[in-house]
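Hi,

Here is the structure I said I would pass on. Have a look at it first, and my notes come after it.

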Amino acid sequence: MTPSSGLSDLLPDLGGRTLVMGILNVTPDSFSDGGLFAGEAAAVAQAERLVADGAAILDIGGESTRPGHIPVSAEDEQARVLPVIRAVAPQLPVPISIDTYKASTARVALAAGARIVNDVWGLQREPDIASVAAAHGAPVIIMHNRESIEAEIDIIADMLLFFERSLGIAHRAGIANSEIVLDPGVGFGKTWVQHLEVLRRLPEIRALGFPVLVGVSRKSLLGRLHNRETRPADRLYGSLAAHALAATLGADIVRVHDVAEHIDALRVVDAVMRPGER
């Protein structure tokens, strides 16, 4: 197999500006856009649109991870993502990340043209996924997650222990620190208060020395803050505010549904917060 390029080659602007990862869910049941891009033609068209709007990474997922989601088999997940990866990987100028915690799906997705592994269970649900990434020379995104919500815990302390375990798995598989991105997992395994605390204390995660990815796009915690009933697609302004805040506190990548709007907002943030890098 031909190894992927490293993180610095795939994302040469990482650290110089806030990068936008475009979300492409090829699922029937994702919380915001489930079913919209389940067909290959629609998914390819959306991939092209996200990249044209300025996405630096295209994140393709075939299993919803929303609260209450129904797990799908590796076979079903692969049947959803592989045709799209094969169709867009040769023609798009940005790397594809495969959004999966399954080692077998990561293996075939990387073989099909994906370049990055984005694991919502931080390499801990199926630790073999780290060896798969290492064998392909693929960087990994390690997201914090929890099986259950515990309101009384210090969520940042829990996160630091989680990342310590995940980094150990990565290092034993041969993945260098330079190929790792951390994601605090806003919206996963936390109370509403803890979600906000994670964003507030983002510098403590950034202090670990890894690039940080934050994804708050259209999530229900924003709906609660809007003080009115909203559909996920109506949460653009909250998403922009949350990601602008995250970028000022150390996020290097934001994972979003609405790429063009985030590009405009983050140019303003970067002009203020990263003036020497422009």
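Below is what I found, going from the sheet outwards to the helices, a cavity and a few single residues. Keep in mind that this is a predicted model.

**The sheet**

The part to start from is an open sheet of eight strands, paired in parallel and ordered 6-5-4-3-2-1-8-7. The edges belong to strand 6 and strand 7 (213-214); each has a single partner strand, so one side of each has no neighbour in the sheet.

Strand 2 (57-61) is worth a closer look. How many of its five residues are buried? Five of the five, so strand 2 is mostly covered. Ile-57, Asp-59 and Gly-61 point one way from the strand, while Leu-58 and Ile-60 point the other way, and all of them are buried. Note that Asp-59 is among those buried residues.

Strand 2 has a parallel pairing with strand 1 over five bridges, and another with strand 3 over four bridges. If you want one residue to follow across, take Leu-58: Gly-22 stands opposite Leu-58 of strand 2, and Ile-96 in strand 3 is a bridge partner of Leu-58.

Further along, strand 4 (residues 116-119) and strand 5 (residues 140-143) are also a parallel pair, with three bridges. There, Asp-119 has Ile-142 in strand 5 as its bridge partner.

**Helices against the sheet**

Which strands does helix 3 lie across? Helix 3 (residues 74-88) lies across strand 1 (19-25), strand 2 and strand 3 (96-99), and runs at about 155 degrees to strand 2.

Helix 4 (residues 103-112) has a list of buried residues: Ala-103, Thr-105, Ala-106, Ala-109, Leu-110 and Ala-112. An α-helix has 3.6 residues a turn, so residues three or four places apart point the same way. You can set that against the buried positions, including Ala-106 and Ala-109. As for what covers the buried residues of helix 4, the cover includes helix 3, strand 3, strand 4 and helix 5 (128-136). Right after helix 4 comes Gly-113, with a positive phi near 135 degrees.

**The cavity**

With a threshold of 30 Å³ or more, the count is one cavity. The largest cavity holds about 40 Å³ of space. Which residues line it? Glu-63, Thr-65, Glu-77, Asp-99, Thr-100, Tyr-101 and Val-120 do. By type, the lining comes to three charged, two polar and two nonpolar residues.

**A few single residues**

Thr-191 is in the loop that runs between strand 6 (180-183) and helix 7 (192-200). Is Thr-191 buried or exposed? Thr-191 counts as buried because its relative accessibility is 18%, and the cut-off for buried is under 20%. Setting aside neighbours within four places in sequence, Thr-191 is in contact with Ile-149 and Ala-151.

Helix 2 (residues 40-52) gives two alanines to compare. Ala-45 lies in this helix and, at 31% relative accessibility, counts as partly exposed. Ala-52 is in helix 2 as well, and is exposed, with a relative accessible area of 66%.

I also have two C-alpha separations for these alanines. Ala-45 and Leu-14 are 31 residues apart along the chain, and their C-alpha atoms are separated by 26 Å. For Ala-52 and Arg-125, 73 residues apart along the chain, the C-alpha separation is 34 Å.

Over to you now.

Best wishes

Definitions and conventions. Residues numbered from 1 in each chain as written. Predicted model: local features only at pLDDT ≥ 70, side-chain atom pairs only at ≥ 80, totals over all residues. Heavy atoms only, no water. 1 Å grid on protein atoms, 1.4 Å probe; cavity = no way out; pocket = protein on both sides within 12 Å on 5 of 7 lines; lining within 4 Å. Points joined across faces, edges and corners; volume = space filled by probe spheres on them. Nonpolar A, V, L, I, M, F, W, Y, C, P; charged D, E, K, R; others polar. Buried < 20%, exposed > 50% of the residue type's maximum accessible area, 1.4 Å probe, protein only. Contact = heavy atoms within 4.5 Å. Pairing = 2+ DSSP bridges. Axes fitted to C-alpha atoms, helices over the stretch in contact; angles between N-to-C directions.
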